[in-house]
Every structure is written in C-alpha cells, then in structure tokens.
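Here's a quick tour of a protein chain, told through the pieces that touch each other. Have a look at the sequence and the model first, then read on.

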Amino acid sequence: MTTETFTHRELSNITGVSVTTIKSYRKKFPEFFFIVGHGKPLRFRKGADKLCLRIRDLFNKNLSVRQIRDKLLTEFESVKENSQLSVKKDISQVNNEDFEKLAKTTAQMMNGMAALVTAQAKSEQRLVRMEKSLKEFIAAQSEKTSETAEILKEIKEIISASGGLQQPERITAKKVVTIKKYDGDSESYSLDADSSAIEPESDFLELPVVIHSDTGDFLGMPGKPGHPFTLEELVNLVSIRKEDNSAKVWHRQGRDWVLAVKAPEGPLYELHFSRTHTPKGNIVSFFKRLDINSESQSPAEILSFFREMRDLIDTIETT
C-alpha cells in the first residue's frame, strides 16, 4: 500500500468496512473521489482514506445521504465545484455578439440541409418515374407505334427536366429496342441520359452466379469446363432463350443490378442481382429475385429457371 494513492481494497482495510461498502460510498458521492490514472485496479488520490473514514462515521450517526453530502461539501474538495467554476468562466467569456453569430450560422446550416433534403426527394421521384417509363417502354414493343412514341417522349421529358440536379443513381439507356412497324419497316431508338452505357462492370459480370437452395444455402452450378457458371453466361443464355429480337436493358435499383429482357411476343423478365459474400468468403453475384410481367416468382420457380438456363450451355456446345 502506498501513501499517495489507494485502491478499493486498501480503503476497505483502513476503514474496517467491506470493499462493497467502499464502492457504495463512491457511487453515492462520486464527486469527491478523484481517480489517478486509468489502470486496474483503480487507484484514488491522497485524501481518499480520510474521505471514507468521514463517510463511515457520518453513516454511523444515522445521517442521510443528503446530509452527509452537505457536510462533505464544506470539508472536502469535489469535482462538482471545479466543474461549476469552469462553466462559469466559459459562460462569462461568451458575449451577446458571439451568440448572434452562432444563431445566424446555425440558421444557415439548417436552411442548407432543408434545401438538400428537398432536392434529394425530387431526384428520387424522378428516378422512380424514369424506371417505370422504361419498363412500359419495353413492354410496349409489340403494341402500336404511336403508344411507344408517347412513352419515349415521356422518358426524354423526364431526363430533360432532371438536368443539373445531382441524382443518387443515374439511370441511362443506349439502343434500348428496335420497334417493327406495321408496314414491315423498323426503327431504332436510343436514350442518352449519360455518356456511358448503363451496364454492370466487367468484374461483376465475371463473378459466379448463385441462388438460394431449398435450405437457404448458396447454390452455384458449373459453367464452361473447369469454371463456375458466371453471371455473364447467364445473361447471354437468357438473351438467346428470348430470341434474337429480344430487348435487353440494365438498370440500377439501389445497390442491385436489374436486367430486363422482353421478346416481341413474350412476357417481360426482370432478373435482380447483387454482389455478396458466401459464408466461405467467396465473392459472388446473388440471383436474388425474378419477376415475370412484374410478378415475383417463388424460390422454386427461380431454381427451375436457373437450371433451365444452365442446361442451355450443353445444348449450344453440342450444336
């Protein structure tokens, strides 16, 4: 035991009360216990022994905690006193001019944040409208040319109206579809909302593609000999399955990539993918959702679709 600092155990030996009682003293009167350093066990600075002896004697006289604190405030130094002096000093240094500057700056910050939130909300609304119009645009390939032209016009107006506004996710499309007219001619449309094509990065397309099995585990399949079945292979097979005239459009939905595929006479397929890690630490492309004509398919239907696409590899290689 040193003469400069004390532990709970040492204070217990000095006062003749238990360590638990010493800890209760500190809990009831924390402002009088000054801790030295932050090691273990905790050590209290010189004077803690006299403090604990005084608290013990006052409790033995059946005084309340409030009465004891009043006496300790007149006999011992407290953290509360030092804190009050510091606060009073700080307050005295702040004049009215400083308060006015602070209030003005705070108001400017609040106005700026409000404007930012409003702009963000408008941006998200435009993105929702753009995504909806793109889906309608693809689904209308086999409909009248006039109806398709109206959808195209609406998409262009949305893109034009959003100019100069920073958007969290830019939805772009290039050479979306080729529409056949009744007279046999065809006309191609392209939407250039950005200079870059909307398509996943090559490293994402090269990832193994997996789904959830019946037990909730990740399930992948073999692709080319010696290699796993990749997202790029799945995308190519989906396009082949949906005939040469099918339209294929990528777009972002949050952090996910969504592939929309539409054949002239067939339904609209939407495949949702996200980059994730398997329990073994492998990075994969998770085929998490399949919508057909905007209706989500069950896990069993996704598994059947996944296997059907994978089986096309063998068909193509043998022909």
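What follows is a short briefing on charged pairs, aromatic rings, one helix and one strand.

Keep in mind that you're looking at a predicted model. A program's search through it turns up 8 salt bridges and 11 aromatic pairs. We'll pick a few of each, then look at how strand 10 fits in with its partners.

**Salt bridges**

- Start with R69 and E31, a salt bridge whose closest N and O atoms are 2.7 Å apart. R69 belongs to helix 4 (residues 65–75), while E31 is in the loop between helix 2 (19–28) and strand 2 (44–45), so this pair ties together parts that are 38 residues apart in sequence.
- Are the two partners buried or exposed, or something in between? R69 has 24% relative accessibility, so it counts as partly exposed. E31 has 13%, so it counts as buried; the cut-off for buried is under 20%.
- Next come R45 and E77, which also form a salt bridge, with the closest N and O atoms 2.7 Å apart. R45 sits in strand 2 and E77 in the loop between helix 4 and helix 5 (79–92), so parts 32 residues apart in sequence get tied together.
- R45 is partly exposed at 33% relative accessible area, and E77 is partly exposed at 39%.
- A third salt bridge brings together the side chains of R54 and E75, at 2.9 Å from N to O. This one links distant parts of the chain, with R54 in helix 3 (residues 48–60) and E75 in helix 4, 21 residues apart.
- R54 counts as partly exposed at 23% relative accessibility, and E75 counts as partly exposed at 40%.

**Aromatic rings, and charges over them**

- One of the 11 aromatic pairs is F29 with F59. Their ring centres are 6.3 Å apart and their planes are at 50 degrees, so the pair is tilted. F29 is in the loop between helix 2 and strand 2 and F59 is in helix 3, which makes this a link between distant parts of the chain, 30 residues apart.
- F29 is buried at 0% relative accessibility, whereas F59 is partly exposed at 24%.
- F287 and F306 make an edge-to-face pair, 6.4 Å centre to centre with 65 degrees between the planes. F287 is part of strand 10 (residues 283–292) and F306 is part of helix 10 (residues 299–318), so the pair ties together parts that are 19 residues apart in sequence.
- Both of those rings belong to buried residues: F287 has 1% relative accessibility and F306 has 0%.
- F287 and F306 are also members of one aromatic cluster, along with F229, W250, W257, Y269, F273 and F305.
- Charges get involved with rings too. R252 lies over the face of W257, at 4.5 Å from the ring centre.
- You've already met R45 in a salt bridge with E77. The charged end of R45 also sits over the ring of F34, 3.8 Å from its centre.

**Helix 1**

- Which residues of helix 1 (residues 8–15) are buried? They are H8, E10, L11, S12 and T15.
- The cover over those buried residues includes strand 1 (5–6), helix 2, strand 2 and helix 3.
- Just after helix 1 comes G16, which has a positive phi, near 80 degrees.

**Strand 10 and its partners**

- Strand 10 runs antiparallel to strand 9 (residues 268–277), and 9 bridges join the two. E270 stands opposite D291 in strand 10.
- The hairpin of strand 9 and strand 10 has 5 residues between the strands, and G281 there takes a positive phi near 90 degrees.
- Strand 5 (residues 209–212) runs parallel to strand 10, with 2 bridges joining them. Here V210 stands opposite F286 in strand 10.
- Strand 11 (residues 295–296) pairs with strand 10 in the antiparallel sense over 2 bridges, and I292 has E295 in strand 11 as its bridge partner.
- In the hairpin of strand 10 and strand 11, with 2 residues between the strands, N293 takes a positive phi near 55 degrees.
- For a residue inside strand 10, try S285, which counts as buried at 0% relative accessibility. Leaving aside its neighbours within four places in sequence, S285 has contacts that include F204, L207, P208, V210, L231 and F273.

Methods
Residues are numbered from 1 along each chain as its sequence is written. This is a predicted model: local features need pLDDT of at least 70, side-chain atom pairs count only at pLDDT 80 or more; totals for chains, interfaces and linings use all residues. Side-chain values use heavy atoms; hydrogens and water are left out. A salt bridge is a side-chain nitrogen of Lys or Arg within 4 Å of a carboxyl oxygen of Asp or Glu. Helices (H or I, at least four residues) and strands (E, at least two) are DSSP runs, numbered from the N terminus. Buried means under 20% relative accessible area, exposed over 50%, partly exposed in between (1.4 Å probe, protein chains only). Contact means heavy atoms within 4.5 Å. Rings of Phe, Tyr and Trp (its six-membered ring) pair if their centres lie within 6.5 Å; planes under 30 degrees apart count as stacked, over 60 as edge-to-face and the rest as tilted. A charge sits over a ring if NZ of Lys or CZ of Arg is within 6 Å of the ring centre and within 35 degrees of the ring normal. Two strands pair if DSSP finds at least two bridges between them.
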